[in-house]
Amino acid sequence: MKDIKGKEFESNSKNFDNLYRRKDPWKLKGSKYEKFKLDKIKKLIHLLQPKRILDVGCGEGLTTAEYQKVCGSYVEGLDFSKTAITRAKINNPSINFILGNVFGIQKRLSFYDLIVLSELVYYIPDEGLDGFIRRIYQLVKFNGQVLICHNQKHLSKDFIKRFSSVFDNRLLR
């Protein structure tokens, strides 16, 4: 499973659809941690003023909508839960929400100024991680930013090393 497609994708998608049977399964609206994290991300977006943002693992689009409010930029949300994307589209019709994963995005390469990866990297199976990192690398502009927001205890040093090696090599080309 190099790119999180096929049966594994379907299985993960169904698991997350089950979670989204409840509204706000991650308790984004009432969590102090989530509010703190969102405030920090919004400040960063305000400083960076990106023209195109991709929110990978956007869920119901609650944070995606907040990102758009900050800078008024072109913002897209991506999630593989059909239930979450359906809700996101209903609640935020002005934002483009995509059902799928990063490998299915049909944008040209180097399209996004900012890609937000919030609380999702630890769901990516180890054997799919390198492909995921390479795909993020392809989608972000040369001088763009990738924002990884995770509870530190869930983010392995191996991920940081692997992610850094892909992006550090960009500078050597």
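Which residues are buried in H3? The legends below take up that helix and several other close-ups of this predicted model.

**Figure 1. The whole chain, before zooming in.** The protein chain holds six helices and five strands. Read from the N terminus, its elements follow the order α-α-β-α-β-α-β-β-α-β-α. Of the 173 residues in the chain, 49% are buried. Contacts reach far along the sequence: among those between residues at least 6 apart, 70% join residues at least 24 apart. The chain exposes about 10,000 Å², and carbon and sulfur atoms supply 53% of that area.

**Figure 2. Helix H3 and its buried residues.** To settle the opening question, the buried residues in H3 are Thr63, Thr64, Ala65, Glu66, Tyr67 and Cys71. These buried residues pack against H2, S1, S2, strand S3 (96-99) and S4. Just after H3 comes Gly72, with a positive phi of about 65°. The helix also carries a salt bridge between Glu66 and Lys69, whose closest N and O atoms are 3.2 Å apart. Because Glu66 and Lys69 sit three residues apart in helix H3, about one helical turn separates them. As a reminder, an α-helix has 3.6 residues a turn, so residues three or four places apart point the same way. The two partners have contrasting surroundings: Glu66 is among the buried residues of H3, whereas Lys69 is exposed, at a relative accessible area of 64%.

**Figure 3. Lys37 and Glu119, a buried pair.** Is Lys37 buried or exposed? Lys37, placed in helix H2, is buried, with a relative accessible area of 8%. Leaving aside residues up to four places away in sequence, Lys37 touches Ser118, Glu119 and Cys149. With Glu119 the side chain of Lys37 makes a salt bridge, 3.1 Å from N to O. This pair links distant parts of the chain, 82 residues apart: Lys37 belongs to helix H2, and Glu119 to the loop between strand S4 (112-118) and helix H5 (126-139). Glu119 counts as buried too, because its relative accessible area of 15% falls under the 20% cut-off. Glu34 joins in as well, so that Glu34, Lys37 and Glu119 are linked in a network of salt bridges.

**Figure 4. Asp113 and Lys141, a bridge between two strands.** Side chains of opposite charge can pair when their charged atoms come close. Here the side chains of Asp113 and Lys141 meet in a salt bridge, at 3.3 Å from N to O. Asp113 lies in strand S4 and Lys141 in strand S5 (residues 140-149), so this salt bridge ties together parts that are 28 residues apart in sequence. Asp113 counts as buried, at 17% relative accessibility, while Lys141 counts as partly exposed, at 25%. Over the model, the count comes to seven salt bridges.

**Figure 5. The largest pocket and its lining.** How many residues line the largest pocket? The lining has 37 residues, and Gly57, Asp79, Ser118, Glu119 and Leu120 lie nearest the centre of the pocket. Two of these names, Ser118 and Glu119, may be familiar as residues that Lys37 touches. The pocket has a volume of about 700 Å³. Elements that give two or more residues to its lining are H1, H2, strand S1 (52-56), helix H3 (62-71) and strand S2 (74-79). H2 provides the largest share, four residues. In general, rolling a probe the size of a water molecule over the atoms shows where empty space is left.

**Figure 6. A nonpolar patch on the surface.** Trp26, Tyr122 and Tyr123 form this patch, which together has about 290 Å² of accessible area. Trp26 comes from the loop between helix H1 (6-19) and H2. Trp26 is partly exposed, with a relative accessible area of 34%.

**Figure 7. Leu47, an exposed residue of H2.** Leu47 is found in helix H2 (residues 32-48). At a relative accessible area of 68%, Leu47 is exposed, in contrast to Lys37 of the same helix, which is buried. The C-alpha atoms of Leu47 and Val70 are separated by 9.9 Å, and the two residues are 23 apart along the chain.

Methods: Residues are numbered from 1 along each chain as its sequence is written. This is a predicted model: local features need pLDDT of at least 70, side-chain atom pairs count only at pLDDT 80 or more; totals for chains, interfaces and linings use all residues. Side-chain values use heavy atoms; hydrogens and water are left out. Buried means under 20% relative accessible area, exposed over 50%, partly exposed in between (1.4 Å probe, protein chains only). Patches are made of residues with over 30% relative accessible area and no salt bridge: like charges are joined within 9 Å, nonpolar side chains (Val, Leu, Ile, Met, Phe, Trp, Tyr) within 5 Å. Accessible areas come from the Shrake-Rupley method with a 1.4 Å probe; for residues, only the protein chains shown count as cover. A salt bridge is a side-chain nitrogen of Lys or Arg within 4 Å of a carboxyl oxygen of Asp or Glu. Contact means heavy atoms within 4.5 Å. On a 1 Å grid over the protein atoms alone, a cavity is a set of points where a 1.4 Å probe fits but cannot get out, and a pocket is an open set with protein on both sides within 12 Å along at least five of seven lines; lining residues have an atom within 4 Å of a point. Grid points are joined across faces, edges and corners, and a volume is the space filled by probe spheres set on the points.
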